[in-house]
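User: I am new to this structure. Please take a close look at one part of it, starting with any internal cavity, and then set it in its surroundings.

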Amino acid sequence: MIAEVIVDILNSNVDKIFDYNCREVLEVGHRVLVPFGGRNTQGYIIKLKASSTLEKDKLKDIIKPLDETPVLTPKMIELCFFMKDRFFLRLADTIRLFLPPQIRSDLGHKTVNIVTLTDKCDISKIKSNAKAQLGIILHLKEAGSDSTANINNKFSSAALKKLSELGFVKITPQNVLRRPIKTLTVEHKDITLTPQQQECVDLINKAKNTAFLLHGVTGSGKTEVYISAIKNVLAKGKSAIFLVPEISLTPQMLSRFTNAFGDTVALLHSSLSAGERYDEFYRLKTGQAKIAIGARSCIFAPLDDVGLIVIDEEHDSSYFSENNPRYYTHEVARMLAHIHGCNLVLGSATPNVESFFKAQQHIYKLLTLPNRAGGAELPQIIITDMLSEIRNGNTGIFSTVFLKELENCIKNEKQAMIFINRRGYASFMMCKECGYVAKCTDCDVSLVYHKEEDMLKCHYCGKRFRALTGCPACKSEYIRQGAVGTQRVTEELGKIFKDVPILRLDNDTVTGKDSYGKILEQFNSLSPAILVGTQMIAKGHDFNNVTLVGIIDADLSLHFSDFRATERTFQLITQVSGRAGRSRHSGKVILQTYFPKHFVYRFAHNYDYMAFYKKDINLREVTKFPPFAKILRILISSENEQKAIDVTREINIKISALKSKYNSDFIYFQAMKSPRGRIKNKFRYQILMRFFLKSEKEIVTDIHKIVDDTKFRDVSLFVELNPQNLS
């Protein structure tokens, strides 16, 4: 038998299929050790066949299998080939997405030695002065079993050794599961669906191999729809994948799903320890767990009988992988659903414009939940003109309306959530005299001032610098601070509300795996209380006592040079506003802006997604942006700027020739320095183009061939289709 093998080496030159003699009974998906390039390396069997086109004397033998059973299923391998062709990835890269690092490094289960009493144990034969031996026997009679580590610690290793020699105890190695969340309150509650929710569930349950877009306002009970649909899938003996955009949302969602499904839920995301990730992978692979919950990478859960895939908050940009390997989770999920013949549900209160366009084109089947569950009203949004505040003499961070509403909220012993999508104390430090701005030495970005540590930090590479006390250029002592961040907002609120607990939730306060959940638990237990945060607080959270939301700088995402800027602003406002008034208490939102007449705020004020969609989709059609065209970016980066320029120039010349071939299809084509010209000491250049859809496949294939044929040392090349971040 001949095995087709992909070797586990991340190099485009060897990213191909190699034939090996298979002299053992192995299956597709087995991880094997093979001779390759003068050394032994691991690979994966992707196909078995009777013969090879290679001469027999050139065929090498598989040395041995590395696992008892295959680590990849045929369906996983099919998805790998899809991703290779769709996103122009190396097969070795796609295979690694499916496997936790511990499998590839041959590290597996954590084992502990467990001690139990045997039938031979006779306490009368123990000497009266052997107190440690007697103690161990009495302890095991009461506890039943314990680990050698605990017994050695409580009693004595010598005593345990003696009991083992006598045959009075048995020591057995056992696998210990490393669970990501060890303290969950599990309360099995029956869900009573509203008629609208039940209609959505019924349509999902009746359909086969269908993609749905569930458009439901914040608080409409989309999660209850997901849970009910998954129950139907489990009843058929199948499994489910449930994706959330932020790792930070997984503990809360895991708790809700554990309440509904118990221990059949497993958590998969990149912030787990290697051991936790391996054990959750193992639980899913062996069928101990049937529901995989996690962020983007959870789509590669080792399930071979998927009955439903759900992508919650489907509009979120985190579903695009911006690091190698680059892929779009929605496309991967659609192909995975096709392979398994199951349904895909995309859910959001503010769907991605391109997803809603697909629903309008009947590519997705649209489901709607227009009302909040339980009859609760959406919170009132009050737009505050900060230019008017300045004209009236208020130059502070907070408008008078916001402070008045916050005082009422605190007086009524309720909770408030304050959103500002900028962490740190100030966005930059600048000399008032000469205009010098402190920038990172390795990145082309301003340093952010963090007052608590009195440090300047780069939010791209993490480098830290001393805060400015004077200008290093002109020696002036007049230093100005830039726009405020979460630290400054928290400090200013603390001066006004001295006796009120004020918590902060951003990347600076979430320092450990459990710190996110602890901050939210603390906030939930306090009334009155204020929570200040970035996008981490904007979605997914359900606090019954939150009656006020403040959006400090709504314009922050509005003026990015990106065609999605208005869409993201509308989504952020709607999502963060949805945190207020989710129970019997009505809610209010104070939205502070310097551009109160912008159409985004007019539509957001009324939660009018359809009006916003019609406006935005019309603008995109006129200007020829997605979904009416494709954007392709080639990103070139190198520590040597001249090499980056040379590669950019060479590729640009080749694509210019290609452009003449598809001239009528190209809308835009330009080479330039990236807006973030240097990150982590790598210079960045890019080639941007837009083209019509009719020749998309041919153009993209030709461009990838050009990139693949361009060979330069110490230069990284990345091709992105419809990139989410053009900076």
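Analyst:
**The largest cavity and what lies beyond it**

Sorted by class, the residues lining the largest cavity are 9 nonpolar, 2 polar and 1 charged. The model is a predicted one, and the values below are computed from it. The largest cavity has a volume of about 90 Å³. Its lining is made up of Leu97, Phe98, Leu99, Pro100, Leu268, His269, Arg277, Phe281, Ser297, Phe300, Ala301 and Pro302. Helix H2 (91–98) and helix H10 (274–285) are the elements that give two or more residues to this lining. Leu97 and Phe98 fall within the range of H2, while Arg277 and Phe281 fall within that of H10. Arg277 is the charged residue of the lining, and the polar ones are His269 and Ser297.

How many cavities of 30 Å³ or more does the structure hold? There are 3 of them. The second largest has a volume of about 70 Å³. Phe419, Asn421, Ile551, Asp553, Ala554, Leu556, Ser557, Thr569, Leu572, Ile573 and Val576 form its lining. By class these are 7 nonpolar, 3 polar and 1 charged, with Asp553 as the charged residue. Helix H17 (residues 565–577) contributes most to the lining of the second largest cavity, giving 4 residues. Those residues are Thr569, Leu572, Ile573 and Val576.

H17 leads on to a helix contact. The axes of H17 and H19 come within 11 Å of each other and cross at roughly 170 degrees. Angles over 145 degrees count as roughly antiparallel, and H17 and H19 are therefore roughly antiparallel to each other. From H17, Thr566, Glu567 and Phe570 take part in the contact; from H19, the residues are Tyr609, Phe612, Asp616 and Arg620. This contact divides into 3 nonpolar, 1 polar and 3 charged residues. The charged ones are Glu567, Asp616 and Arg620.

The loop between helix H19 (609–623) and strand S28 (630–638) contains Pro627. A cis peptide bond joins Pro626 to Pro627, with omega about 15 degrees. Another cis peptide bond joins Ser527 and Pro528, where omega is about 0 degrees. Pro528 lies in the loop between helix H16 (515–524) and strand S25 (529–533). A further backbone feature is at His362, which is not a glycine but has a positive phi of about 65 degrees. His362 sits in the loop between helix H12 (353–360) and strand S16 (365–369).

Elsewhere, helix H4 (residues 131–143) packs on helix H6 (residues 157–166) at an angle of about 70 degrees, and their axes are 9 Å apart. Angles of 65 to 115 degrees count as roughly perpendicular, and H4 and H6 are therefore roughly perpendicular to each other. In this contact, Ala132, Gln133, Ile136 and Ile137 of H4 meet Ala159, Leu160, Lys162, Leu163 and Leu166 of H6. By class there are 7 nonpolar residues, 1 polar and 1 charged. Gln133 is the polar residue, and Lys162 is the charged one.

Aromatic rings are a last topic. The whole structure has 21 aromatic pairs. One of them is formed by Phe18 and Phe36, whose rings are edge-to-face, with 5.0 Å from centre to centre and 75 degrees between the planes. This pair links distant parts of the chain: Phe18 belongs to strand S2 (residues 18–21) and Phe36 to strand S3 (residues 31–36), 18 residues apart.

Notes
Residues are numbered from 1 along each chain as its sequence is written. This is a predicted model: local features need pLDDT of at least 70, side-chain atom pairs count only at pLDDT 80 or more; totals for chains, interfaces and linings use all residues. Side-chain values use heavy atoms; hydrogens and water are left out. Axes are lines fitted to C-alpha atoms, for helices over the stretch in contact, and angles run from 0 to 180 degrees between N-to-C directions. Angles under 35 degrees count as roughly parallel, over 145 as roughly antiparallel, 65 to 115 as roughly perpendicular and the rest as oblique. Contact means heavy atoms within 4.5 Å. On a 1 Å grid over the protein atoms alone, a cavity is a set of points where a 1.4 Å probe fits but cannot get out, and a pocket is an open set with protein on both sides within 12 Å along at least five of seven lines; lining residues have an atom within 4 Å of a point. Grid points are joined across faces, edges and corners, and a volume is the space filled by probe spheres set on the points. Rings of Phe, Tyr and Trp (its six-membered ring) pair if their centres lie within 6.5 Å; planes under 30 degrees apart count as stacked, over 60 as edge-to-face and the rest as tilted.
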